[in-house]
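Me: I am new to this structure. Please show me how to read its helices and strands.

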Amino acid sequence: MIHSIGKWQLEVDASATRDVYERTSRGSPADCDCTICRNFSALGDTAFPSDFREAAERLGVDYHKAAEIHEWFGFRDNHLDYGGWFHCIGRVTSGPAESDRDTSPGEWPWYDLTDSFKIVVDNRRDLAFEEFGDQPLVRVEFYAREAWVLSEPYPGEGHER
């Protein structure tokens, strides 16, 4: 089935994607006990805007199970910049080309869902769950600027899960 997300059209098998997310035990920010991931986990559903949560549902993606969540661009004004991504079974049928990403992240063809949440879509398989096997994948990467909600202080640069 064809789905739109941001600037991209995707042909996705949402049912097969949903099955993978149901079978995998990987991907929860709770899988990592570092302070950065615990803060992201503490944000709960508010970490993702409703438009993203609705798109994830249409694509069969469980947005509680990211392939990757990491710190990106640093901490300021009691907010942390996060990055991460999800996969779904399918392919990109139109939109900015993956080759548009051969530059620095600031120049990628981001699509702003909100002032503090952006996405970019490609066919990369980075850290894809093994349950996807060798099926063709779409990767939906996000950037999110999120509040620091833990009572403990931000631990410093360079933490990843």
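The dialogue below takes one helix and then some strands.

Reply: This is a predicted model, in which local features need pLDDT of at least 70, side-chain atom pairs count only at pLDDT 80 or more, and totals for chains, interfaces and linings use all residues. Residues are numbered from 1 along each chain as its sequence is written, and side-chain values use heavy atoms, with hydrogens and water left out.

Me: Which residues of helix H1 are buried?

Reply: Helices (H or I, at least four residues) and strands (E, at least two) are DSSP runs, numbered from the N terminus. Buried means under 20% relative accessible area, exposed over 50% (1.4 Å probe, protein chains only). In H1, residues 14-23, the buried ones are Ala14, Thr17, Val20 and Tyr21.

Me: Why are these residues on the same side of H1?

Reply: An α-helix has 3.6 residues a turn, so residues three or four places apart point the same way. Here the buried residues cover an arc of only 120° around the axis (taken from the directions from the helix axis to the C-beta atoms), which puts them on the same side of H1. Ser15 and Glu22, on the other side, are exposed.

Me: What do the buried residues of H1 pack against?

Reply: They pack against strand S2 (8-12), helix H3 (50-59) and strand S4 (79-94), where contact means heavy atoms within 4.5 Å.

Me: How many bridges join strand S6 to S7?

Reply: Two strands pair if DSSP finds at least two bridges between them. Six bridges join S6 to S7 (residues 137-147), and the two run antiparallel; Val120 stands opposite Glu141 in S7.
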